[in-house]
Amino acid sequence: MDIIIGAGVTGLSYAWFTDKDYLVLEKTDAIGGYCKTTKRNGFVWDYSGHFFHFQDKAVEEKLLKDIPPERLVEPVKNTKIKYKDRYVEYPFQKNIHQLPQEEMIDCLYDLFNNSQTDYSNFKEMLYCKFGASIAEKFLIPYNTKLYACDLNKLDKDAMGRFFPYAEKEEIIRNFRAEDNKSYNASFMYPKDGAFEYVKSIVSNLRSEKIETNQEVVAIDMKNKTVRTRDGRLLAYDRLISTLPFPKLLELCGVEYDRSVYSWNQVLVFNIGFDKKGPVDKFHWIYFPENKYIFYRVGFYDNILSQDRTSVYVEIGFDNKTVIDPREYFNRALLDLLAAGVIHKHMMYVDYEAIVMDPAYVHITKESIEDVKSKKAMLATNDVYSIGRYGSWTYCSIEDNIKEAMQLADCLNKK
Ligand SMILES: Cc1cc2nc3c(=O)[nH]c(=O)nc-3n(C[C@H](O)[C@H](O)[C@H](O)COP(=O)(O)OP(=O)(O)OC[C@H]3O[C@@H](n4cnc5c(N)ncnc54)[C@H](O)[C@@H]3O)c2cc1C
């Protein structure tokens with residue numbers, strides 16, 4: 001039997017595609033992992049904004065099979081950067097013509113007078129590809145707030161296809177003919193929230209094969225057993241883990257260098273207000289300035305055409321901070337007011353706080369090498385690590401589904 005640790009998108013997808021007998025063990029009392037939705041008081045909130053830009057038609061069709069088209073929205077992305085007193089289109093590097101003239105000249109000058117051609121980390125890549133002004137006005141402050149670390153620690157390709165690169169020619173061309181297409185020019189979202197996708201996946205599975213409140217606390221690779229917190233000992237033929245990779249190493253008793261693994265945490269406030277606020281079109285806004293506690297605020301009401309403001313607010317922390325959400329809620333409200341996202345006559349009527357830990361892993365040269373070699377070693381013991389945290393990567397749920405599908409295809413042949 002295959003034992004699958006974790007009932008997030010990845011674990012459930014593996015269960016869907018395997019042709020072997022399986023059992024999914026989930027630590028919490030609910031399935032979905034980070035792809036969960038809260039529906040309360042007329043508000044629809046996810047574990048932070050979860051929007052979808054499927055690249056693979058086959059994956060999209062599988063997920064949409066049970067969702068009626070009228071229960072989906074597919075808006076053309078309308079996002080902004082709050083830059084000092086104005087809004088600038090995203091991505092910043094392609095919209096420097098929207099800055100005050102002096103600042104635009106600085107950006108252009110640095111873009112073309114940049115002698116640095118070689119880079120070995122994420123921060124150097126930003127300087128090298130875009131010049132000091134674009135890097136220091138937006139790319140560095142924004143990403144430092146998000147990742148909560150010095151960006152010179154990250155691998156030069158830490159964001160993979162999610163980073164909006166732009167050639168100099170494109171930047172100039174965009175001055176007149178705006179083409180802000182990024183990897184997600186439009187996006188799809190179920191009116192009932194991201195959990196609808198989990199429901200689509202799980203409709204292919206037998207409910208008795210998924211057990212919640214079953215935290216795996218130890219793994220014995222030699223005897224091929226897992227132990228749960230309540231003392232059950234379960235034998236497996238193959239173990240599929242979606243645990244954060246360093247946690248899996250710990251449970252398997254594999255020695256590893258802890259300094260290789262770091263990540264950020266994201267505190268999310270989902271907040272519903274009594275009326276519509278001043279931001280009535282944008283889907284989300286990026287906040288690079290440190291005077292705002294959050295790095296991004298998204299607007300469910302503008303995505304779902306609702307008549308009361310419903311936002312998610314994302315705040316980045318390093319992985320050492322012990323987060324008590326109550327310490328940050330009032331500050332978040334004050335900053336929303338200062339940023340002009342809400343006005344003083346609006347009252348919040350409901351809110352929830354979620355701590356995502358880990359949220360964004362720090363992809364470094366060392367982590368890439370360590371994950372690769374240790375994954376290969378685990379596979380020789382019939383332990384397979386997949387998923388956003390199991391592969392210690394930056395990805396979307398589509399990537400999770402494809403990775404699970406590929407592993408199942410490969411193991412089905414064995
Ligand atoms: C801020 C943020 C925004 C995002 N936005 C998007 C987006 O817009 N679009 C998109 O496609 N993707 C987005 N993602 C990515 C998406 O959330 C993930 O790719 C996906 O949810 C990961 O699924 P997973 O199953 O790999 O991991 P998880 O969702 O983390 O699932 C792992 C499961 O394992 C369980 N578990 C942990 N420890 C144990 C244990 N010891 N025993 C048993 N079970 C255990 C957990 O409880 C959890 O249910 C975003 C992620 C973040 C952090």
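**Notebook: sheet, ligand, domains**

I started with a sheet: 5 strands make an open one, ordered 9-2-1-13-19, and the pairing is parallel. I keep in mind that this is a predicted model. Next I looked up the edges, which turn out to be strand 9 (210-211) and strand 19 (383-385), and each of them pairs on one side only.

I zoomed in on strand 19. Strand 13 (residues 238-241) runs parallel to strand 19, and 3 bridges join the two. One partnership I noted down: Leu-239 has Val-383 in strand 19 as its bridge partner.

Then I went to the ligand. Which residues come closest to the ligand? I found Gly-6, Gly-8, Gly-33, Gly-387 and Ser-396, out of 34 residues that surround the ligand. Helix 1 (9-17) and helix 11 (397-412) are the elements giving two or more residues to this shell. I also sorted the shell by residue type and got 16 nonpolar, 13 polar and 5 charged.

Last, the domains. Domain 1 comes in pieces (2-35 + 56-71 + 191-259 + 363-412), while domain 2 covers 79-173 and domain 3 covers 264-356. I checked the C-alpha centres of domain 2 and domain 3, and they are 24 Å apart. Their contact uses 13 residues from domain 2 and 15 residues from domain 3.

What supplies the domain 2 side? Strand 6 (79-83) and helix 4 (122-147) each put in at least two residues. Helix 4 gives the most, with 6 residues. I split that side of domain 2 by type too: 9 nonpolar, 1 polar and 3 charged.

Technical notes:
Residues numbered from 1 in each chain as written. Predicted model: local features only at pLDDT ≥ 70, side-chain atom pairs only at ≥ 80, totals over all residues. Near = placed C-beta within 6 Å. Helix = DSSP H or I, 4+ residues; strand = E, 2+ residues; numbered from the N terminus. Nonpolar A, V, L, I, M, F, W, Y, C, P; charged D, E, K, R; others polar. Domains from an automatic or database assignment. Contact = placed C-beta atoms within 7 Å. Pairing = 2+ DSSP bridges.
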